[in-house]
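Subject: Structure handover

Hello,

Here is the structure I said I would pass on. My notes on it are below the entry.

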Amino acid sequence: MHPPLRLLTLLLITGALFACSTSNRSAYRYAAPVTLNGHCEQREVDGYSDNIRLIVDSNAIKALDWTAKPDNRSCRFELKNFTQVPNRQVADLQSNTDRNCHIYVWRDNNHITVATNTCENLCAANDKMLPVLLNPLTGGCMGKSN
């Protein structure tokens, strides 16, 4: 291939890849600070269940009581056992007894996500836990198809 044609082809491919990667990044951008008064109680067909009560005001978590039952085991997370740490994009709770354990709350696209990270010492079934998706308008559960 002729060097100028090769350079032009490379520039076109690079531009196309950059455009694709830029559009994907913006799709998962944090939309806004979370403000929510939510309650979600759900049960999957395999027996997995969540019961979460969450109150957040501009990313400041005011109340959290979350019981998840993955794999016939129960995990419970309560606000009194966590301390909120500064974070601009997400609400971040750190366990008072295991500094590696965090609960994150953030809003993206059309839902609010609540998820644990590295909480195995507090919950033996943590590796089986799924994030909870909440409706930002109603505070209720969002189905997997939403």
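The notes cover confidence, the disulfides, one hairpin and one residue in a strand.

Confidence

This is a predicted model. Its mean pLDDT is 82 over the chain, with 76% of the residues at 70 or more. The N-terminal stretch is another matter: residues 1–28 stay under 50 in pLDDT. For that stretch the model has 5 contacts beyond four places in sequence. Where pLDDT is low, predicted coordinates should not be read in detail, so please treat any geometry from residues 1–28, where pLDDT stays under 50, accordingly.

Disulfides

The count comes to 3 disulfides. Numbering the bonded cysteines along the chain, the pattern is 1-6, 2-5, 3-4. I take the pairs in turn.

C40 and C141 are bonded with their sulfur atoms 1.9 Å apart. The torsion about their S-S bond is about 110°, so this disulfide is right-handed. C40 lies in strand β1 (residues 36–43) and C141 in the segment after β9 (132–134), so the bond ties together parts that are 101 residues apart in sequence. As for burial, C40 has 0% relative accessibility and counts as buried, whereas C141, at 31%, counts as partly exposed because buried requires a value under 20% and exposed one over 50%.

C75 and C123 form another disulfide, with a sulfur separation of 1.6 Å. The torsion about the S-S bond is about 50° here, which makes the C75 and C123 disulfide right-handed. C75 belongs to strand β4 (residues 75–78), while C123 sits in the loop between β8 (111–117) and β9; the two are 48 residues apart, and the pair links distant parts of the chain. C75 is buried at a relative accessible area of 2%, and C123 is buried at 1%.

The remaining pair is C101 and C119, joined at an S to S distance of 2.0 Å. With a torsion of about 85° about the S-S bond, this disulfide is right-handed. C101 is found in the loop between β6 (91–95) and β7 (102–108), and C119 in the loop between β8 and β9, 18 residues apart. C101 is buried, with 0% relative accessibility; C119 is buried as well, with a relative accessible area of 0%.

If you set up a topology from this model, the bonds to look for are C40 to C141, C75 to C123 and C101 to C119.

Hairpin

Strand β5 (residues 82–85) pairs with β6 in the antiparallel sense, over 4 bridges. The connection between β5 and β6 is a hairpin through 5 residues. Within this pairing, V85 has D92 in β6 as its bridge partner.

R53

R53 is placed in strand β2 (residues 49–57). Which residues does R53 contact, leaving aside its neighbours within four places in sequence? They are G38, H39, A63, L64 and D65. One of them, H39, is 14 residues from R53 along the chain, yet the C-alpha atoms of R53 and H39 are separated by 4.5 Å.

Regards

Terms used. Residues numbered from 1 in each chain as written. Predicted model: local features only at pLDDT ≥ 70, side-chain atom pairs only at ≥ 80, totals over all residues. Heavy atoms only, no water. Contact = heavy atoms within 4.5 Å. Disulfide = S-S within 2.5 Å. Buried < 20%, exposed > 50% of the residue type's maximum accessible area, 1.4 Å probe, protein only. pLDDT = per-residue confidence, 0-100. Pairing = 2+ DSSP bridges.
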